[in-house]
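The following exercises introduce a structure to a reader who has not met it before. Each task is followed by a worked solution.

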Amino acid sequence: MNLDDLAQKFSASTENQRKAIFSTLFIAGNKLQTLFDNRIPEVSLKQFMLLSIVRHAKKPLTFTQLGNLLGCSRQNIKKLADVLRKKGFITIQRSPQDTRAMCICPTEKVADYFANDFAEYQEELKYLFEVYTDKEIETLFLLLTRLYDGIENLEKKVGNHS
């Protein structure tokens with residue numbers, strides 16, 4: 001059985017399509033992580049995502065804030081941050097707003113990494129989306145943005161029953 005066979009099998013009903021979408025998100029995430037981890041030097045995909053957010057943040061973010069943005073725990077952020085600190089990508093400092101919280105700040109190595117080491121792989125990311133028209137990209141963007149609404153709804157419903 002291949003992915004086309006699975007798509008055909010699950011297209012018969014909305015319920016099956018929901019199951020297929022959920023499975024696809026999981027499988028696509030795994031495939032992208034494996035591809036990325038095997039291609040990009042020096043950092044894993046999760047470390048890269050953390051660096052991307054830290055790099056674009058207007059102010060230093062706490063472990064908790066970064067965990068919320070990346071959809072993982074504060075403890076996972078701390079583990080990622082420890083590795084990135086040892087590699088010289090970030091510093092970890094006390095939050096100016098809350099002295100109990102720790103913030104992640106990018107070093108010059110982050111800018112250098114994105115400008116030099118990562119530049120060729122940024123070009124490769126275009127291959128992921130070159131199979132779509134501009135209209136399909138716009139639709140996919142809107143639907144994935146709506147997916148966050150669904151995730152928030154699930155969190156509320158599950159949170160109310162625990």
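**Exercise 1.** What percentage of the contacts in the protein chain with a separation of 6 or more is accounted for by residues 24 or more positions apart?

*Solution.* The model is predicted, so local features need pLDDT of at least 70 and side-chain atom pairs pLDDT 80 or more, while totals for chains, interfaces and linings use all residues. Residues are numbered from 1 along each chain as its sequence is written, and side-chain values use heavy atoms, leaving out hydrogens and water. A contact means heavy atoms within 4.5 Å. Residues 24 or more positions apart account for 45% of the contacts in question.

**Exercise 2.** Determine which helix gives the most residues to the nonpolar patch, and classify Tyr 148.

*Solution.* Step 1: patch residues have over 30% relative accessible area (Shrake-Rupley method, 1.4 Å probe) and no salt bridge (a side-chain nitrogen of Lys or Arg within 4 Å of a carboxyl oxygen of Asp or Glu); nonpolar side chains (Val, Leu, Ile, Met, Phe, Trp, Tyr) are joined within 5 Å, like charges within 9 Å.
Step 2: Ile 21, Leu 25, Leu 144, Leu 147, Tyr 148 and Ile 151 make a nonpolar surface patch of about 550 Å².
Step 3: helices are DSSP runs (H or I, at least four residues), numbered from the N terminus. Helix 2 (14–39) and helix 8 (134–161) each give two or more residues, and helix 8 gives the most, with 4.
Step 4: Tyr 148 lies in helix 8. Its relative accessible area is 56%, therefore Tyr 148 is exposed (over 50%; buried is under 20%, partly exposed in between).

Notes. Buried < 20%, exposed > 50% of the residue type's maximum accessible area, 1.4 Å probe, protein only.
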